[in-house]
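Visitor: I am new to this structure and would love a close look at a single part. Please start at one loop and walk me outwards from there.

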Amino acid sequence: MKRYTLPDLPYDHSALEPHYAGKVLELHHGKHHAAYVSGANTTLDKLAEAREKKDFAALNQLQKSLAFHVSGHVLHSLFWKNMSPHGGGRPDGDLADAIGESFGGFEGLKSQLSAAALNVQGSGWGAMAWEPLGKRLVVEQVYDHQGNIGNGTVPLLVLDMWEHAYYLQYQNLKGDWVNAFWEVVNWQDVARRLASVHTLDLML
Ligand code: MN
C-alpha cells in the first residue's frame, strides 16, 4: 500500500528566525507533523485490516482518524511551503487582483484571515482557499485540521493556530504569532498555487 512520508523542510530550522524560532520549528516538523504522517499510515493499516476481516465495528472512529491525520499532513506540508526566509511584503500580479476581487484588497484579506486565526476556539487553522464553484477566494476557519471547511475548496495559504505551533515562542501572545507569520509569507508560493487551481476543471 502507498505510504505517507514526512517531507523535508524547504529551508533550515533556523531560517525563519527571528519570526519563527528554530527549536520550535524543529519540534513542529520533526515531532508534530511526523505524528500525523504516522497516524495516517496506521489508520490506513487498520482500515485494510477491517476490510480483510469484514469487521467495521470501529469504522466511525477510523474514518474520523483518517480525516484528522491526512488533513494534518496536508496542512502542515502546505504550511512549510507557504513560508520563506525571503517572505513577507504584499502579493502582486494575478494574486493581488484575485485578493482585491474577493476581499476588497490586501488589507481586507489580512484583517479577516488574522481574525479567523486569532478566534479559533480550541485547535485549528486560519486559511485562504480557492472556492471553485464561485471561482473566488475565501477565508476559512478550520477546526482541528478538517472541520468547518467548504467541500471542494483548495487551501492556498494556511496558518497553524494549534498551541504547539507557537506557545514555546510566543506563549499566550497569539497576536504576535499572527504578526510574525505575515512577515514570512511566501507570496510566490501562494501565487503559484492560485495559478494551478485555475487550470483545474473540478467539474463543479
Ligand atoms: Mn501544527
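**A loop and its surroundings**

Guide: Let us begin with Asn148, whose place is in the loop between strands E2 and E3. Strands are DSSP runs of E with at least two residues, helices are runs of H or I with at least four, and both are numbered from the N terminus. This is a predicted model, in which local features need pLDDT of at least 70 and side-chain atom pairs count only at pLDDT 80 or more, while totals for chains, interfaces and linings use all residues. Residues are numbered from 1 along each chain as its sequence is written, and side-chain values use heavy atoms, with hydrogens and water left out.

Most residues other than glycine have a negative phi. Asn148 is not a glycine, yet its phi is positive, at about 70°. With a relative accessible area of 46%, Asn148 is partly exposed; the scale calls a residue buried under 20%, exposed over 50% and partly exposed in between, using a 1.4 Å probe and protein chains only.

On one side of this loop is E2, residues 136–143, which pairs with E1, residues 124–131, in the antiparallel sense over eight bridges. Two strands count as paired if DSSP finds at least two bridges between them. Met128, for instance, has Val139 in E2 as its bridge partner. Four residues lie between the two strands of this hairpin, where Lys135 takes a positive phi near 50°.

On the other side of the loop is E3, residues 154–160, which runs antiparallel to E1 and is joined to E1 by six bridges. Here Ala127 stands opposite Val158. E1 thus has bridges to E2 and to E3.

How many of the residues of E1 are buried? Eight of its eight are. Both faces are covered: Gly124, Gly126, Met128 and Trp130 are buried on one side, and Trp125, Ala127, Ala129 and Glu131 on the other.

From here we can move on to the metal. Asp160 is one of the protein donors of the manganese ion, together with His28, His76 and His164; the donor atoms are OD of the aspartate and NE2 of each histidine, lying 1.9 to 2.1 Å from the ion. Donors are N, O and S atoms within 2.8 Å of the metal (3.2 Å for Na, K and Ca), and a site may look incomplete because water is not among the atoms. The donor residues are spaced H-x47-H-x83-D-x3-H in sequence. His28 lies in helix H1 (residues 22–53) and His164 in helix H5 (residues 163–170), so this pair ties together parts 136 residues apart in sequence. Both His28 and His164 are buried.

For a last comparison, let us look at another loop. Lys54 is found between H1 and helix H2 (59–81). Lys54 is not a glycine either, and has a positive phi of about 50°. At 71% relative accessibility, Lys54 counts as exposed, whereas Asn148, where we started, is partly exposed.
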